[in-house]
Amino acid sequence: MSRPEDILPPDLFYNDNESRKYTKSSRIRNIQASMTSRALELLDLKSPSFILDLGCGSGLSGEMLSEVEHEDGGPHTWIGMDISPSMLDVALQREVEGDLFLADIGQGVPFRPGTFDAAISISAIQWLCNAESSDVSPEGRLRRFFEGLYASLRRGGRAVCQFYPKNDVQRSMISGAAIKAGFGAGILEDDPGTKSSKLYLVLTVGGGGLPGDITGVVNGMDDVSVLDARRKATEINNARGPPRKGDKAWILNKKEQMAKKGKVVKASSRYTGRKRRIAF
Amino acid sequence: MKVITANFVTCAVKECKTSPASFPLHFNDAELEQQELDFQPEFIRNILPRIDWEALRTISNELGFPSLPESKPEEEALNNEQTLKDLHRLLLETHVTEGKLTCGNCGHSYMIKEGIANFLLPSHLV
């Protein structure tokens with residue numbers, strides 16, 4: 001199936017016709033509703049909160065934030081940002097309760113530091129991996145977005161972004177950008193390996209109110225297993241260890257350093273750094 | 001745009017991030033509308049510590065409301081239902097439907113139409 005991200009920029013792709021179709025389709029509404037409730041579960045909000053909805057579109061996800069029951073800690077007040085005027089127009093007609101902004105999240109998040117208790121984003125941030133003009137880059141857009149988001153969340157706040165990466169490169173580009181901005185980040189994958197698999201980027205600011213690390217977000221949830229890629233990476237690093245003085249890696253490193261300084265260095269060969277046979 | 005949002009939004013231009021004059025944004029030619037919303041005392045109590053009271057006073061002046069008290073309502077005042085209701089009315093039920101938001105630092109104006117503020121920036125300002 002073709003990806004809308006590959007066809008047109010978001011503000012042009014979601015024109016009047018496409019926005020209306022998107023909002024009316026019961027299939028899309030169902031998927032959006034289930035993803036929003038999953039995101040709310042991950043945010044674990046206990047009292048009425050101030051939430052930012054990134055790429056709110058026609059307010060399908062925002063609507064659910066306003067509808068959270070009092071017993072479940074709601075209803076929440078939200079602000080939505082979207083780049084498509086047509087989508088926002090549909091949101092206006094549907095009379096959603098949140099405040100709407102016509103803005104490009106790749107240009108940053110224009111709020112005071114510590115404004116929001118939480119942020120939510122449903123099927124939006126993969127659009128940041130496309131640069132529509134030559135003066136912006138996907139990396140730059142992602143950086144501005146995550147830095148702005150990080151600042152606008154209060155300490156202990158959380159953000160959950162459901163997204164559809166095109167491939168593993170995009171997936172690691174997005175999560176890498178979030179980590180660089182200072183977030184504690186983890187990815188939750190629902191129904192992995194199936195056609196309907198869904199990825200949630202879970203972000204915490206200043207620990208996210210958790211006693212441990214990011215894996216604490218899914219504590220107490222059923223059917224979730226934790227795969228810690230960090231532990232594997234550190235183990236591999238430890239097994240190799242730093243090069244010891246005198247071994248081949250150390251010698252090659254030194255030679256490279258000296259060559260960079262402009263010194264004359266003997267060429268390396270397969271004999272470099274080998275032990276000599278004990279001579280009689 | 002609700003008044004509560006105006007208390008949090010800043011200028012999106014990069015150079016303005018470091019300037020104190022970029023907050024709050026100033027309203028021009030604002031048209032107001034009142035929209036009923038369920039009263040939620042918990043939300044007001046949650047958000048009140050984060051409200052910039054000085055900015056709120058400036059904004060409500062610009063919108064032509066009677067002036068607010070000098071200082072933010074603190075502890076006991078938060079148990080007074082009338083205070084919370086007034087705040088709810090101002091912060092959540094008052095909407096700016098048309099008008100302009102202007103940055104005090106760079107002078108950039110953000111248009112508000114049908115309650116939606118346009119924060120798209122031309123690429124040279126990003």
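Reader: Where in chain B does B:Pro24 lie?

Author: In this predicted model, B:Pro24 is in the loop between α1 (3–6) and β1 of chain B.

Reader: What makes the peptide bond between B:Phe23 and B:Pro24 a cis bond?

Author: The omega angle is the evidence: for the bond joining these two residues omega is about -5 degrees, and the bond is cis.

Reader: Why is A:Asp44 called partly exposed?

Author: A residue is partly exposed when its count of other C-beta atoms within 10 Å falls between the limit for exposed, 12 or fewer, and the limit for buried, 20 or more. A:Asp44 has 16 such atoms, so it is partly exposed. A:Asp44 sits in the loop between α3 (26–43) and β1 of chain A. Its phi is near 55 degrees, a positive value in a residue other than glycine.

Reader: Why does A:Glu95 count as exposed?

Author: The limit for exposed is 12 or fewer C-beta neighbours. A:Glu95 has 9 inside 10 Å and therefore counts as exposed. A:Glu95 belongs to the loop between α5 and β3 of chain A, and follows α5(A). Although it is not a glycine, its phi is positive, about 55 degrees.

Reader: And A:Asp135: buried or exposed?

Author: Exposed, because A:Asp135 has 10 C-beta neighbours inside 10 Å, and 12 or fewer is the limit. A:Asp135 is placed in the loop between β4 (116–122) and α6 (138–152) of chain A. From A:Asp135 to A:Pro75 the C-alpha atoms are 41 Å apart in space, with the two positions 60 residues apart in sequence.

Reader: Which residues of helix α5 of chain A are buried?

Author: In α5 (residues 85–93) the buried residues are A:Ser86, A:Met87, A:Leu88, A:Val90 and A:Ala91. To be called buried, a residue needs 20 or more other C-beta atoms within 10 Å of its own.

Reader: What covers the buried residues of α5(A)?

Author: The cover includes α2 (16–24), β2 (77–82) and β3 (99–102) of chain A, and chain B adds β4 (116–118). The helix α5(A) lies across β2 and β3 of chain A together with β4 of chain B, and its direction is at about 165 degrees to β3(A).

Reader: What makes β1 and β2 of chain A a strand pair?

Author: Two strands pair if at least two bridges are found between them. Strand β1 (residues 50–54) of chain A is joined to β2(A) by 5 bridges, and the two run parallel. One of the bridge partnerships links A:Leu52 with A:Ile79 in β2(A).

Reader: In what order do the strands of the open sheet come?

Author: The sheet has 11 strands with mixed pairing, in the order β6(A)-β7(A)-β5(A)-β4(A)-β1(A)-β2(A)-β3(A)-β4(B)-β3(B)-β2(B)-β1(B). The order passes from β3(A) to β4(B), and thus takes in strands of both chains.

Reader: What makes a strand of this sheet an edge strand?

Author: An edge strand pairs on one side only, and that is the case for β6 (184–190) of chain A and β1 (26–34) of chain B. Direction ignored, neighbouring strands of this sheet are turned by 20 degrees against each other on average.

Reader: How many residues does each chain bring to the contact between them?

Author: Chain A brings 23 residues and chain B brings 26. On the side of chain B that touches chain A, α2 (41–47) and β4 each supply at least two residues. The largest share of that side is 4 residues, from α2(B).

Reader: How do you know whether chain A matches the radius of gyration of a compact globule?

Author: By setting the two values side by side: a compact globule of 280 residues would have a radius near 19 Å, but chain A has 24 Å. Along the principal axes, the C-alpha atoms of chain A fill a box of roughly 95 × 45 × 40 Å.

Reader: What domains is chain A divided into?

Author: Domain 1 is 4–233 and domain 2 is 243–280. Taken over C-alpha atoms, their centres are 51 Å apart.

Reader: Which annotation covers residues 52–161 of chain A?

Author: An unreviewed UniProt entry gives "domain: Methyltransferase type" for those residues. The span is 29% helix and 26% strand, and its end C-alpha atoms lie 11 Å apart.

How values were computed
Residues numbered from 1 in each chain as written. Chains lettered and ligands numbered in written order. Predicted model: local features only at pLDDT ≥ 70, side-chain atom pairs only at ≥ 80, totals over all residues. Rg over C-alpha atoms; globule rule 2.2 N^0.38 Å. UniProt positions renumbered as here; feature names shortened; annotations may be inferred. Contact = placed C-beta atoms within 7 Å. Domains from an automatic or database assignment. Axes fitted to C-alpha atoms, helices over the stretch in contact; angles between N-to-C directions.
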